[in-house]
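Reader: Hi! Could you walk me through this one while I have it open on my screen? I'll jump around a bit with my questions.

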Amino acid sequence: MYVRQLSVTDWRNYHQAQLTLDPGAVVLIGANGQGKTNLVEAIGYVATLGSHRVAGDAPLVRAGADRAVVRTAVVRAGRELQIELEVTPGKANRARVNRAPATRVRDVLGILRTVLFAPEDLALVKGDPGERRRFLDELLVLRHPRYAGVRADYDRVLKQRNALLKTAGSARRAGAAGDLRTLDVWDGHLAEAGAALLAGRLELLAALRPYVVAAYDVLAGGGQTELTYDASVSELDPEADRATIGEALRRELEMVRAQEVERGITLVGPHRDELQLRIGALPARGYASHGESWSLALALKLASYDLLSSDGDEPVLLLDDVFAELDITRRARLAERATAAEQAIITAAVEADVPSSVQGQRYEVAAGEVRQL
Amino acid sequence: MYEGPVQDVIDELGRLPGVGPKGAQRIAFFLLAADSTDVGRLIAALQRVKDDVAFCKTCGNVAEGEQCRICRDPRRGDDVLCVVEEPKDIVAIERTNEFRGRYHVLGGAISPIEGIGPDQLRVRELMVRLQDATVTELILATNPNLEGEATATYLARLVKPMGLNVTRLASGLPVGGDLDYADEVTLGRAFEGRRRVDS
Ligand SMILES: Nc1ncnc2c1ncn2[C@@H]1O[C@H](COP(=O)(O)OP(=O)(O)OP(=O)(O)O)[C@@H](O)[C@H]1O
Ligand SMILES: [Mg+2]
Ligand SMILES: [Zn+2]
């Protein structure tokens, strides 16, 4: 699929801008702070109803305006769909699909699909395990929306169970018995939701892994990457089905129970797991160079792109400031990958950083105005 | 901040469930502008509900007097007991006209986050009611959310030694709507909970 048209009103530093985009590579060039990322962010917002940079909507609306509007025309399998989003901080947002108001804003999700790589994604490699868990879970939800419910259930059970452990723990420290009568029940729910989430992650990882390895190999011109799922449940068979994983979780919970009561937190479950990334024999986190980390984070995103493409529609690839951090050969290899996409929207502060092999439309972004070159 | 008495009303209203600061302000100014006989009726109704209405000694439903209307009704069966979280759930089930047994109101659901365990609910009263073997079926009609499910599981395990028939209300897609109107989470769950069609 590709975005044929993008128009923003009172979005970030834009009063009003409209771009008619071609499939293939589209390059947005401009000095720092001119509004390149803001445009990429707008496209990402239409796909995910969220920004990759901020949690709330307020910063998305131009300072001084009450609401922002983003309109896109998306071409999917030869058919054009128009999506319009009105963002009003503090109020419910509104959506229109082909000019008709959508019953729920969420109905827009899934019409436009994007895979975005931005400098923030370096945290996928360098950041806490939570970053990598979130990466897996978000991709999981994108492929199978029902995991949004599984994730929410798991988070809720975890909160309830932790609250119980904490109260019982402090009661015990104060010399009382502590009420653990309902702990078994919470264990059951935790194991059930946890097993569903774990099974989903393992299945996803099995599907994603070959794409990550291949993408890194292409970018780095050789260089082995390895992705392993370090579960907090010991001896987890990656091929196990949900029921087996659930039983393993329950067993493990029983084993650590005393420790859990003492510490007042749940010590086993997908919230404690880690997606280990390695380059060669060494862990990426703490060892990999800046360029290597960047390449690996990029490989994770390119792999998401490949996996989603293999599911059906090719998403739109959004590459924000990606070239500047790579050496010349890696730039050339990335250019090859990017130009093969149905549409890749690329930003750069310095035009020379984008290999000349990246043909296609070029826009100049300056002070919230866009001009086709 | 407003003049003393106005702010007092806003503060009191703001404590009510489902009323935010904006709503409290709107209601306060509505009352301020309203006819004093209308406001008098509201005051009297509030006073009456506190003076005359209490909770049923047997089931925990709201009642005028010792026992509620349902517990007093001789035409209802004593063998099936339906456990709900709140009195309002009784109203909902009564509207269906499908249930002729009795109720037991727990007064909430187990939720450690809010400090609610079995002792904060009317669980002991339930166990007392089940003692004499009159009840043969226990319907667990707690809410279909995590806390309601956890409460149902807890109760089911607790009464297991009593050998009752324990049932749980089915949940799934809303009836009467279109499939495409269900959100992806509900629909996804319904898929997981699909059942065989007898033919
Ligand atoms: N809500 C807003 N209202 C007005 N201006 C805003 C708003 N949010 C962000 N901006 C401004 O938008 C400008 C451009 O931001 P953007 O991130 O798009 O820059 P960029 O072109 O990607 O720059 P860089 O090359 O440094 O990444 C920033 O200077 C910022 O101050
Ligand atoms: Mg930028
Ligand atoms: Zn009663």
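**Sheets, helices and contacts**

Author: Happy to! Chain A has an open sheet of 6 strands, in the order β8-β12-β13-β3-β14-β15, and the pairing is mixed. Keep in mind that this is a predicted model.

Reader: Which strands stand at the edges there, and why is one side of each left without a neighbour?

Author: The edges are β8 (114–117) and β15 (369–372) of chain A; each has a single partner strand, so one side has no neighbour in the sheet. From one strand to the next, the twist averages 20°.

Reader: Nice. Which pairs run parallel, say for β12 and β3?

Author: Strand β12 (residues 316–320) of chain A pairs with strand β13 (residues 343–348) of chain A in the parallel sense, over 4 bridges. Leu319(A) sits opposite Ile346(A) in β13(A). Strand β3 (residues 24–29) of chain A runs parallel to strand β14 (residues 361–366) of chain A, joined by 4 bridges. There, Val26(A) has Gln361(A) in β14(A) as its bridge partner.

Reader: And β14(A) with β15(A), parallel or antiparallel?

Author: Antiparallel, with 4 bridges between β14(A) and β15(A). Ala366(A) is opposite Glu369(A) in β15(A). The two strands form a hairpin with 2 residues between them, and Ala367(A) has a positive phi near 50° in that hairpin.

Reader: Good one to check in a Ramachandran plot. Which helix lies across β8 and β12 of chain A?

Author: That's helix α8 (residues 290–311) of chain A, running at about 175° to β8(A).

Reader: Let's move to the other sheet. What is the strand order, and what is the pairing?

Author: The order is β2-β1-β4-β5-β6-β7 (chain A), an open sheet of 6 strands with antiparallel pairing. β2 (16–20) and β7 (100–101) of chain A stand at its edges with a single partner strand each, so one side of each lacks a neighbour in the sheet.

Reader: How many bridges join β1 to β4 in chain A?

Author: 7 bridges join strand β1 (residues 2–9) of chain A to strand β4 (residues 68–76) of chain A, and the two run antiparallel. If you want a spot to click on, Thr9(A) stands opposite Val69(A) in β4(A).

Reader: Great. Now the ligand: how many residues are around ligand 1, and which come nearest?

Author: There are 17 residues around ligand 1, and the nearest are Asn13(A), Asn32(A), Lys36(A), Thr37(A) and Asn38(A). Helix α1 (residues 36–48) of chain A gives the largest share of that shell, with 3 residues.

Reader: How does the shell divide into nonpolar, polar and charged residues?

Author: The shell around ligand 1 has 5 nonpolar, 8 polar and 4 charged residues.

Reader: Switching to helix packing. How do α5 and α9 of chain A cross?

Author: Helix α5 (residues 183–220) of chain A and helix α9 (residues 328–340) of chain A have axes that come within 7 Å and cross at roughly 130°. That angle makes α5(A) oblique to α9(A).

Reader: Which residues meet?

Author: From α5(A), Val218(A), Leu219(A) and Ala220(A) meet Arg330(A), Arg333(A), Leu334(A) and Arg337(A) of α9(A). By class, this contact has 4 nonpolar, no polar and 3 charged residues.

Reader: How about domains, which ones does the assignment give for chain A?

Author: It gives domain 1 (2–113 + 313–372) and domain 2 (129–277) of chain A. Their centres, taken over C-alpha atoms, are 34 Å apart. In the contact, 5 residues come from domain 1 of chain A and 4 residues from domain 2 of chain A. The domain 1 side of that contact has 1 nonpolar, 1 polar and 3 charged residues.

Reader: And chain B?

Author: Its assignment has domain 1 (4–54) and domain 2 (68–168) of chain B. The centres of domain 1 and domain 2 of chain B are separated by 33 Å, again over C-alpha atoms.

Reader: Last topic! How many residues of chain A are in contact with chain B?

Author: 19 residues of chain A are in contact with 15 residues of chain B. On the side of chain A that touches chain B, α4 (147–173) and α5 of chain A each supply at least two residues. α4(A) gives the most, with 10 residues.

Reader: What is the class split on that side of chain A?

Author: The side of chain A that touches chain B has 7 nonpolar, 6 polar and 6 charged residues.

Technical notes: Residues numbered from 1 in each chain as written. Chains lettered and ligands numbered in written order. Predicted model: local features only at pLDDT ≥ 70, side-chain atom pairs only at ≥ 80, totals over all residues. Axes fitted to C-alpha atoms, helices over the stretch in contact; angles between N-to-C directions. Parallel < 35°, antiparallel > 145°, perpendicular 65-115°, else oblique. Contact = placed C-beta atoms within 7 Å. Nonpolar A, V, L, I, M, F, W, Y, C, P; charged D, E, K, R; others polar. Near = placed C-beta within 6 Å. Domains from an automatic or database assignment. Pairing = 2+ DSSP bridges.
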